[in-house]
Amino acid sequence: NHVYTKLFPAAASFASLPFAAKLKDGAGFAAVLGKVGLDQVFHWPLLALPTFYCTKSLVAEGQLQPRTSIETYLRNMKVDVQRLWQVWVPAEIFMFGCLPLHWQVPFAAGVSFGYTVILSSTRG
């Protein structure tokens with residue numbers, strides 16, 4: 001959250017606004033879109049999903065096989081990222097755009113659990 005605070009300083013104050021005030025806060029809404037974009041373009045496709053594939057190979061095969069794991073991810077990337085965006089883009093827009101800060105972590109944990117079930121059942 002420290003990175004988000006530095007990159008999107010308007011986000012914290014935006015989260016504490018009443019919903020009607022959020023509709024008028026252009027800088028806050030831009031921060032929401034920036035946070036979602038950063039998470040969905042960099043964090044998930046470049047870090048989280050490759051880590052999932054490496055962890056999967058470690059658990060399933062008993063040894064880490066980074067090259068094979070990344071090759072498998074690259075073959076599946078288009079479908080995996082589409083599924084990721086179907087779940088996480090609306091969830092994060094709602095989370096960052098509507099929820100107060102103290103509800104964002106529990107909400108993200110619930111969505112993450114559901115998404116992990118989907119990912120594990122399709123790729124697991």
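This is a short walk through the nonpolar cores and one helix pair of a predicted model.

Start by selecting Trp44, Leu49, Phe52, Tyr53, Tyr73, Val81, Leu84, Trp88, Ala91, Val111, Tyr115 and Leu119: these twelve residues form the largest nonpolar core. Now colour helix 4 (26-61), helix 5 (66-98) and helix 6 (101-123), the elements that each supply two or more of those residues. Helix 5 is the top contributor, with five.

Next, click on Leu49. What does it touch beyond its sequence neighbours up to four places away? Its contacts are Trp44, Tyr73, Asp80, Val81, Leu84, Tyr115 and Leu119. Before leaving the cores, pick out Phe14, Val32, Phe96 and Leu99, which are among the six residues of a second, separate core.

Now hide everything but helix 5 and helix 6. Their axes lie 11 Å apart and make an angle of about 165°. Angles over 145 degrees count as roughly antiparallel, so that is how helix 5 and helix 6 run relative to each other. The crossing of this pair is right-handed.

To see the contact itself, show side chains on both helices. From helix 5, select Asn76, Val79, Asp80, Arg83, Leu84, Val87, Trp88, Ala91, Phe94, Met95 and Phe96. Facing them from helix 6 are Gln104, Phe107, Ala108, Val111, Ser112, Tyr115, Ile118, Thr122 and Arg123. Colour this contact by residue type and you should find 13 nonpolar, four polar and three charged residues.

One last stop: put Leu84, Trp88, Ala91, Val111 and Tyr115 back on screen, since these names appear in the largest core and also in the contact of helix 5 with helix 6.

Conventions: Residues numbered from 1 in each chain as written. Predicted model: local features only at pLDDT ≥ 70, side-chain atom pairs only at ≥ 80, totals over all residues. Heavy atoms only, no water. Core = buried A, V, L, I, M, F, W, Y, C linked by side-chain atoms within 4.5 Å. Buried < 20%, exposed > 50% of the residue type's maximum accessible area, 1.4 Å probe, protein only. Helix = DSSP H or I, 4+ residues; strand = E, 2+ residues; numbered from the N terminus. Contact = heavy atoms within 4.5 Å. Axes fitted to C-alpha atoms, helices over the stretch in contact; angles between N-to-C directions. Parallel < 35°, antiparallel > 145°, perpendicular 65-115°, else oblique. Left-handed = near helix turned anticlockwise from the far one by under 90°. Nonpolar A, V, L, I, M, F, W, Y, C, P; charged D, E, K, R; others polar.
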